[in-house]
Amino acid sequence: MKKHSIVIAGGGSTFTPGIVLMLLENLDRLPIRQIKFYDNDKERQDIVADACEIIMKEKAPEIQFLKTTDPKEAFTDVDFVMAHIRVGKYKMREMDEKIPLKYDVVGQETCGPGGISYGMRSIGGVIELVDYMEKYSPDAWMLNYSNPAAIVAEATRKLRPQAKILNICDMPIAIENLMVKILGLKSRKDLTVRYYGLNHFGWWTSIMDKEGHDLMPKLKAHVKDNGYAVDFDESGQHVDESWKHTFEKVKDVYALDPDTLPNTYLKYYMYPQDEVAKANPEYTRANEVMDGREKHVFGECKKITANQSTEGSTLEIDEHASYIVDLARAIAYNTGERMLLIVENKGAIANFDDTAMVEIPCIVGANGPEPITQGEIPRFQKGLMEQQVAVEKLVVEAWEERSRQKLWQALTLSRTVPNGRVAKELMEELIEANNMFWPELN
Ligand code: NAD
Ligand code: G6P
Ligand code: MN
């Protein structure tokens, strides 16, 4: 098997060590000759990179390692760009969450005004990565999970239509892992699913085991009373109290359409007031992450570097991130694996905008994804998706045309925002807060 060269863009991410450990665990499935880290914040990346260098020396000394903030060095001679950047970092996530809450509007990383604000920052950052890749390694593929994936995917579709970029989200994967626990099965790979929607905005319509047995009735019986909450072990990504609440709240989202099983993120659109009521405007998820995951990961990295050894380290393999290896393998070895990806609709959902970026099952091979048709969708979901996709498209148009008017329309159209007046006030405050990151609007 060919050995691959990978650049991780956003080398300083809290997820980088878990992903590196996961890549090292999967070397028999995806052989690697070189790993590079790229970030535009040298100091932050150094903390993670110096520890990861030691991890690699211990586990796979044959892999070449390089950390850099120079795009040419980073993007030359690579097969895959694994991208997880956060433009504006947690400081700006905190603003995205806290500013809307001042107006009693949902304050969330990827949904509502927070997601729009993050989108206006991310578009430029991700487009820049695409351009570096095309310049220095034109045959490479970008596996992107930088958020907000819905807006980022629409931006690359529109502004870089030829780019070899695959947009993927781990939420359906995490939920399917919970489903497997609810069902008492072993692995997510035992499931064959049908699903449609937008990113962080979708529904399962069918879940079968490999023999073709319908698993929806058993799942629905559980979800009706408990959402996706299960007694699960306390390791992994989605284990904080706030995530537990999210999995429980699925029960209320499910009640709105008992024919399907919903993505967790729909709660922000179906029950925005409930989310505002339970939020602490002084201490949001960004604070929880800075005090939790960021402190832990960076603390462990510093320890590893100080000791020049990983002995006693509590950094964990990000097991659920092995979907990234599955995706890279699908491209590299033409495996034809069936995966949920965010792709241009082009008729896959028959009664929906052909140019929308939708999240649906695809067969992935050497030429990229082949979407699986999902037929016609019901009026309820179609109505919601029409509104949400218009928000996402308006944000990309606002960024491209530097249009304040379109941004105001996007905010007004979001189900999470009550009216045009609040949308306007919110917009003015978000413009102020993002002056270092957004293009200047006219
Ligand atoms: P983080 O802030 O710890 O890491 C992001 C890194 O990106 C930082 O080191 C930052 O300096 C760097 N960065 C910012 N702008 C950059 C640019 N223009 N060029 C290069 N590097 C840049 O954030 P995190 O919490 O670890 O999350 C990282 C990203 O992964 C976020 O976008 C997050 O939303 C996303 N994420 C996505 C999924 C998914 O399902 N798609 C799952 C988890 C996390
Ligand atoms: C899920 C979503 C990601 C999102 C993450 C946030 O995994 O799919 O898109 O970035 O949750 O998690 P956090 O722990 O940073 O709040
Ligand atoms: Mn996601």
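Biologist: How many ångströms span the polar contact between the side chains of histidine 200 and threonine 110?

Modeller: This is a predicted model, where local features need pLDDT of at least 70, side-chain atom pairs count only at pLDDT 80 or more, and totals for chains, interfaces and linings use all residues; side-chain values use heavy atoms, leaving out hydrogens and water. Residues are numbered from 1 along each chain as its sequence is written, while chains are lettered from A and ligands numbered from 1 in the order in which they are written. A polar contact is a pair of N or O atoms within 3.5 Å; within protein, one must be able to donate a hydrogen and the other to accept it, and residues adjacent in sequence count only if both atoms are side-chain atoms. For the side chains of histidine 200 and threonine 110, the value is 2.9 Å.

Biologist: Is histidine 200 buried or exposed?

Modeller: Start with its place: histidine 200 sits in the loop between β7 (192-198) and β8 (201-208). Such elements are DSSP runs numbered from the N terminus, with helices (H or I) of at least four residues and strands (E) of at least two. Buried means under 20% relative accessible area, exposed over 50%, and partly exposed in between (1.4 Å probe, protein chains only). Histidine 200 has a relative accessible area of 6%, so the word for it is buried.

Biologist: Which residues coordinate the manganese ion (ligand 3)?

Modeller: Donors are N, O and S atoms within 2.8 Å of the metal (3.2 Å for Na, K and Ca), and sites may look incomplete because water is not among the atoms. Here an SG atom and an NE2 atom lie at 2.2 to 2.4 Å from the ion. They belong to Cys169 and His200.

Biologist: How many residues apart is that pair, cysteine 169 and histidine 200?

Modeller: Cysteine 169 is in the loop between β6 (165-167) and α7 (171-183), and at 9% relative accessibility it is buried. Histidine 200 is in the loop between β7 and β8, so the pair links distant parts of the chain, 31 residues apart.

Biologist: What is the largest C-alpha distance in the set that UniProt lists as "binding site"?

Modeller: The unreviewed UniProt entry lists Cys169 and His200; its positions follow the numbering used here, feature names are shortened, and annotations may be inferred rather than shown by experiment. The two are spread over 32 residues of sequence but cluster in space, with a largest C-alpha distance of 8.2 Å.

Biologist: Which residues does cysteine 169 touch, not counting those up to four places away in sequence?

Modeller: Contact means heavy atoms within 4.5 Å. By that rule, the partners of cysteine 169 are Asn199, His200 and Glu359.

Biologist: How far is a polar side-chain atom of aspartate 170 from an oxygen atom of ligand 1?

Modeller: Two other side chains also reach oxygen atoms of ligand 1: glutamate 109 has a polar atom at 3.0 Å, and asparagine 147 has an N or O atom at 2.8 Å. For aspartate 170, the distance is 2.7 Å.

Biologist: Which residue's side chain has a polar contact of 3.0 Å with that of glutamine 34?

Modeller: Glutamine 34 lies in strand β2 (residues 32-38) and is buried at 10% relative accessibility. Beyond four places in sequence, its contacts include His4, Ile63 and Asp77. The polar contact of 3.0 Å is with serine 5.
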